[in-house]
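Here is an informal walk through one protein model, arranged by topic. Have the sequence and the 3D view open as you read.

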Amino acid sequence: FKIVIFIPEKNIFFSYIRDENPVNTIPFPYSSPTSLQQFFTKNRLFVATPAHPDYWSTAPEIVLSVVRKFSTPYFTDFGMLEIEVPYKTLERICSLDANQTGKNVLVFDENGALIFPHNVSHDTKIKDMLAPLSDRIQDQEMVSGEIKLPGHSILFNSYRSTYTGWKVVITDDETFFLQSL
């Protein structure tokens, strides 16, 4: 992981990890006041971001991060702290061989956008279940149920993290699930 502390108004930043390809200035998403305001809607102190390039490196890899504001004792926004984790870490935790198990792990951000898997353009099974699944899990903490798709059904269970607002969904192809019975 990488930890970066930065003060956008003063163009000052400190990185707490050795980087072979450091940037020379605070990158655009963090130097633009409007971009920063979009991060912290709803008066939140921190935000968990979906997969994005590591803006703090000139040779970026895909990362996930948590960005937190910190303030002066008089509640004036002073700076930011970002903790980045390589996206590969989430892949290692959530990847299942769906062809062998019939199961998938999906992670959505608080707005319902898919975080994991990052690129589903080649996976028609996941693409087919995304719309009906998103509708069913949208506004509840925990949801479980069944989605009927052409030719098969998908069983699912989901849980929303109160800390990040992310929702983790585990799906199971009903055919695989019933094979064991």
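## Salt bridges

Start with Lys-88 and Glu-61: in this predicted model, their side chains meet in a salt bridge, at 3.6 Å from N to O. Lys-88 belongs to helix 3 (residues 87-94), while Glu-61 sits in the loop between strand 3 and strand 4, so this contact ties together parts that are 27 residues apart in sequence. Glu-61 has 37% relative accessibility and counts as partly exposed.

The pair of Asp-54 and Lys-2 makes another salt bridge, and here the closest N and O atoms are 2.8 Å apart. Asp-54 is in the loop between strand 3 (46-53) and strand 4 (62-71), and Lys-2 is in strand 1 (residues 2-7), so the two tie together parts that are 52 residues apart in sequence. What about cover for these two charged side chains? With buried meaning under 20% relative accessible area, Asp-54 counts as buried at 6%, and Lys-2 counts as buried at 7%.

Glu-146 and Lys-148 form a salt bridge too, with 3.2 Å between the closest N and O atoms. Glu-146 is partly exposed at 30% relative accessible area, whereas Lys-148 is exposed at 65%. How many salt bridges are there by this rule? The count is four.

## Strand 3 and its surroundings

Strand 3 has eight residues, and six of them are buried, so the rest of the structure largely encloses this strand. Strand 3 runs antiparallel to strand 4, and six bridges join the two. One place to look is Pro-53, which stands opposite Ile-62 in strand 4.

Just before that, in the loop between helix 2 (33-39) and strand 3, you'll find Arg-44. Arg-44 counts as buried, at 18% relative accessibility; the cut-off for buried is under 20%. Arg-44 and Lys-69 are 25 residues apart in sequence, with 8.7 Å between their C-alpha atoms.

## The strands from 142 onward

Now rotate to strand 8 (residues 142-149) and strand 9 (residues 152-160), which pair in the antiparallel sense over eight bridges. These two strands form a hairpin with two residues between them, and Gly-151 in the turn has a positive phi of about 90°.

Strand 9 also pairs with strand 10 (residues 167-173), again in the antiparallel sense, over seven bridges. This hairpin has six residues between the strands, and Gly-165 takes a positive phi near 80° there. Which residues flank Ser-158 in strand 9? Val-143 stands opposite Ser-158, and Val-169 in strand 10 is a bridge partner of Ser-158. As a general point, side chains in a regular strand alternate between the two faces of the sheet.

Ile-170 is in strand 10 as well. Its relative accessible area is 45%, which makes Ile-170 partly exposed. Ile-170 and Val-105 are 65 residues apart in sequence, yet their C-alpha atoms are 4.7 Å apart in space.

## A cavity

How many cavities of 30 Å³ or more turn up in a search of the whole structure? The search finds one. About 60 Å³ of space lies in the largest cavity.

The lining of the largest cavity includes the run Phe-108, Asp-109, Glu-110, Asn-111 and Gly-112. Ser-134, Ile-137 and Gln-138 also line this cavity, along with Arg-160 and Lys-167. Of these, Arg-160 falls within strand 9 (residues 152-160), and Lys-167 falls within strand 10 (residues 167-173).

## A cis peptide

One backbone detail to check is the bond joining Phe-116 and Pro-117: this peptide is cis, with omega at about -5°. Pro-117 lies in the loop between strand 7 (114-116) and helix 5 (124-137).

## A nonpolar patch on the surface

Which residues make the nonpolar surface patch of about 280 Å²? They are Phe-1, Ile-83 and Val-85. Phe-1 is in the segment before strand 1, and with a relative accessible area of 64% Phe-1 is exposed. In sequence, then, Phe-1 comes just ahead of strand 1 (residues 2-7), the strand that holds Lys-2.

Terms used. Residues are numbered from 1 along each chain as its sequence is written. This is a predicted model: local features need pLDDT of at least 70, side-chain atom pairs count only at pLDDT 80 or more; totals for chains, interfaces and linings use all residues. Side-chain values use heavy atoms; hydrogens and water are left out. Helices (H or I, at least four residues) and strands (E, at least two) are DSSP runs, numbered from the N terminus. Buried means under 20% relative accessible area, exposed over 50%, partly exposed in between (1.4 Å probe, protein chains only). Patches are made of residues with over 30% relative accessible area and no salt bridge: like charges are joined within 9 Å, nonpolar side chains (Val, Leu, Ile, Met, Phe, Trp, Tyr) within 5 Å. Accessible areas come from the Shrake-Rupley method with a 1.4 Å probe; for residues, only the protein chains shown count as cover. Two strands pair if DSSP finds at least two bridges between them. On a 1 Å grid over the protein atoms alone, a cavity is a set of points where a 1.4 Å probe fits but cannot get out, and a pocket is an open set with protein on both sides within 12 Å along at least five of seven lines; lining residues have an atom within 4 Å of a point. Grid points are joined across faces, edges and corners, and a volume is the space filled by probe spheres set on the points.
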